[in-house]
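Student: I have a structure open and do not know where to begin. Can you walk me through it?

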Amino acid sequence: MGRLEDLQAFARVVDARGFSGAARLLGTTKSAVSKQVVRLEDQLGARLLHRTTRSVSPTAEGRAVYERAIRLLDESLALETELAGRRDEPRGVLRMSVSTAFGNLQFTALLAEFCARHPQLDVVLGLNDRYVDLAEEGFDVVLRLTRKPSDGLVARRLAAIRFVLCAAPAYLAAHGEPQTVADIAGHRCLRFGYLQSPDRWRFHHAGLGEADVQTGGTLRFESGITANSSESLRVAALAGMGLAVLPTYAIGADLRAGRLRALLPGWQPVGGLADADTLYAVYLPSRHPAPKVRALIDFMLEKMGEVPPWDREETMPACP
C-alpha cells in the first residue's frame with residue numbers, strides 16, 4: 001500500500017479538498033505533498049485524484065485507498081501511542097476556534113482549569129465571528145454556535161443557547177415596556193449587523209404561534225445602532241440605548257443583577273441571530289478523534305451539564 005507518510009499526505013489532501021490545505025495540516029509545503037501523492041500513485045499504478053484548477057476529489061480507486069488509508073493510519077497511531085504509554089494522554093498543540101463573544105464571556109474563563117488538567121497540552125485559541133474552515137485553516141476543533149452543523153463534519157452537542165429580548169431599566173422607565181411583539185416597532189432597537197435582515201425580528205410563543213416585527217424607522221426614534229458584535233450590543237443595552245435580542249451566555253449576570261430586564265415573557269426569539277441556538281464541538285471525521293480533541297469535549301460536557309452554567313440561577317427567566 002505504499003509508505004505511511006505518503007498515505008497520510010493523500011488522506012489529508014482528500015480531507016482538505018486540496019494540496020494547500022493538506023500542506024497546512026501537515027506542516028509542510030504544497031509541492032512536498034504533491035510529490036508524495038504522485039509517488040503513491042506510481043507505487044499503486046492507479047490515478048487517485050481528479051485534479052482541476054479549482055478542486056481536487058478522489059477517483060473511485062482513490063476513495064477505496066482513502067478508506068483503507070484512514071484505517072491504517074488510525075491503527076498506526078493507536079499502536080504508537082500505546083507503545084509510548086500515552087494512549088489517552090492529550091499532548092501537543094490544540095488549535096481551536098470559537099466566536100468572539102462566547103470566547104471572551106464564557107470559554108476563556110474555563111481555559112485555566114482545562115490547561116491545569118492537561119499540562120502537556122498547548123492551546124492555541126482563535127476568536128472568530130466568521131465561518132472558519134477546519135481543514136483549510138488547520139483547526140483541530142471549533143466550538144460553533146448554530147442550529148445545524150455543516151455536513152461532512154463530526155458534531156458533538158454541548159449545550160442549548162437561549163436568547164431573550166431585553167432592555168435596561170433606565171430605558172424602560174423613559175420609554176415604556178413593550179406589551180406585545182407589535183409594540184417593539186415603536187422602540188429603538190439594537191440590531192445585529194451580520195444578519196441578512198437585521199431589522200426584522202421574529203418570535204415564537206408556545207400557545208400563540210409566531211409573530212414578527214419590522215424594527216426601526218419610526219418617527220419616535222430617528223437613530224439606532226447596528227453592530228456585528230453581541231458584546232457591543234450588550235454594552236449599548238446596558239447604557240439604555242434600546243431593546244436588544246441577546247444570548248443569555250452574554251447577559252445572564254446582567255439579568256440576575258437587574259442591570260437588564262427580560263421582556264415579553266413566553267415569546268422566544270427565533271431566526272436571525274437566535275438561530276444559533278446550540279453549542280457544538282465540531283471536528284474533521286476520523287475513526288478515532290485525537291486524545292486532545294476528546295479531552296476538550298469531555299471537559300466541556302462536564303462544565304455544561306444538563307443546563308449550562310449561565311442559565312442555572314433560579315432568578316433567570318424561565319424558558320417559554
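**Reading the model, feature by feature**

Tutor: Start with a small group of rings: Phe102, Tyr249 and Trp310 form one aromatic cluster. Keep in mind that this is a predicted model.

Student: How many aromatic pairs does a search of the whole structure find?

Tutor: It finds four. To read a pair, look at the ring centres and the angle between the planes. Phe102 and Trp310 are edge-to-face, with 5.7 Å centre to centre and 85° between the planes.

Student: Which parts does the pair of Phe102 and Trp310 tie together?

Tutor: Phe102 lies in helix H5 and Trp310 in the segment after H10, so the pair links parts that are 208 residues apart in sequence. Phe102 and Trp310 are both buried. Now take Phe114 and Phe299: this pair is tilted, at 5.3 Å centre to centre and 55° between the planes. Phe114 belongs to H5 and Phe299 to helix H10, so parts 185 residues apart in sequence are tied together.

Student: Why does Phe299 count as buried?

Tutor: Buried means under 20% relative accessible area. Phe299 has 2% relative accessibility, so Phe299 counts as buried. Phe114 is buried too, with a relative accessible area of 1%.

Student: H5 keeps coming up. What span should its 18 residues have?

Tutor: Use the rise for each residue. At 1.5 Å a residue, H5 (residues 100-117) should span 26 Å. Its end C-alpha atoms are 24 Å apart, which agrees.

Student: Where does H5 bend?

Tutor: At Phe107, by about 50°. Next, check which side chains of H5 are hidden. The buried residues of H5 include Ala101, Gly103, Gln106, Phe107, Leu110 and Leu111.

Student: How do I read a nonpolar core? Which residues have the most contacts inside the largest one?

Tutor: Look for buried nonpolar residues joined through their side chains. The largest core here has 66 residues, and Ile184 and Met300 have the most contacts inside it. Helix H10 (residues 291-304) gives the largest share of this core, seven residues. Follow Met300 outward: leaving aside residues up to four places away in sequence, Met300 touches Phe107, Leu110, Leu143, Leu158 and Leu279. There is also a second, separate core of 20 residues, with Val14, Leu49, Val65 and Tyr66 among them.

Student: Now a strand. Which residues of S9 are buried, and which are not?

Tutor: In a regular strand the side chains alternate between the two faces of the sheet. Strand S9 (residues 200-205) shows this alternation. Trp201, Phe203 and His205 point to one face and are buried. Arg200, Arg202 and His204 point to the other and are not.

Student: Which way does strand S10 run against S9?

Tutor: Antiparallel: six bridges join S9 to S10 (residues 209-214). The link between S9 and S10 is a hairpin through three residues. To place the strands residue by residue, find the partners. Phe203 has Ala211 in S10 as its bridge partner. S9 also pairs with strand S14 (residues 267-270), antiparallel over four bridges. There, His204 stands opposite Gln268.

Student: One loop residue to finish. Is Ser150 buried, partly exposed or exposed?

Tutor: Partly exposed, at 24% relative accessibility. Ser150 sits in the loop between strand S5 (141-146) and strand S6 (154-160). For its surroundings, look past residues up to four places away in sequence: Ser150 touches Tyr131 and Arg144. Then compare sequence with space. Ser150 and Val282 are 132 residues apart along the chain, yet their C-alpha atoms are separated by 8.9 Å.

Note on methods
Residues numbered from 1 in each chain as written. Predicted model: local features only at pLDDT ≥ 70, side-chain atom pairs only at ≥ 80, totals over all residues. Heavy atoms only, no water. Helix = DSSP H or I, 4+ residues; strand = E, 2+ residues; numbered from the N terminus. Expected span 1.5 Å × (residues − 1). Bend = angle between axes of the 7 residues up to and from the residue. Buried < 20%, exposed > 50% of the residue type's maximum accessible area, 1.4 Å probe, protein only. Core = buried A, V, L, I, M, F, W, Y, C linked by side-chain atoms within 4.5 Å. Contact = heavy atoms within 4.5 Å. Pairing = 2+ DSSP bridges. Phe/Tyr/Trp six-rings, centres within 6.5 Å; stacked < 30°, edge-to-face > 60°.
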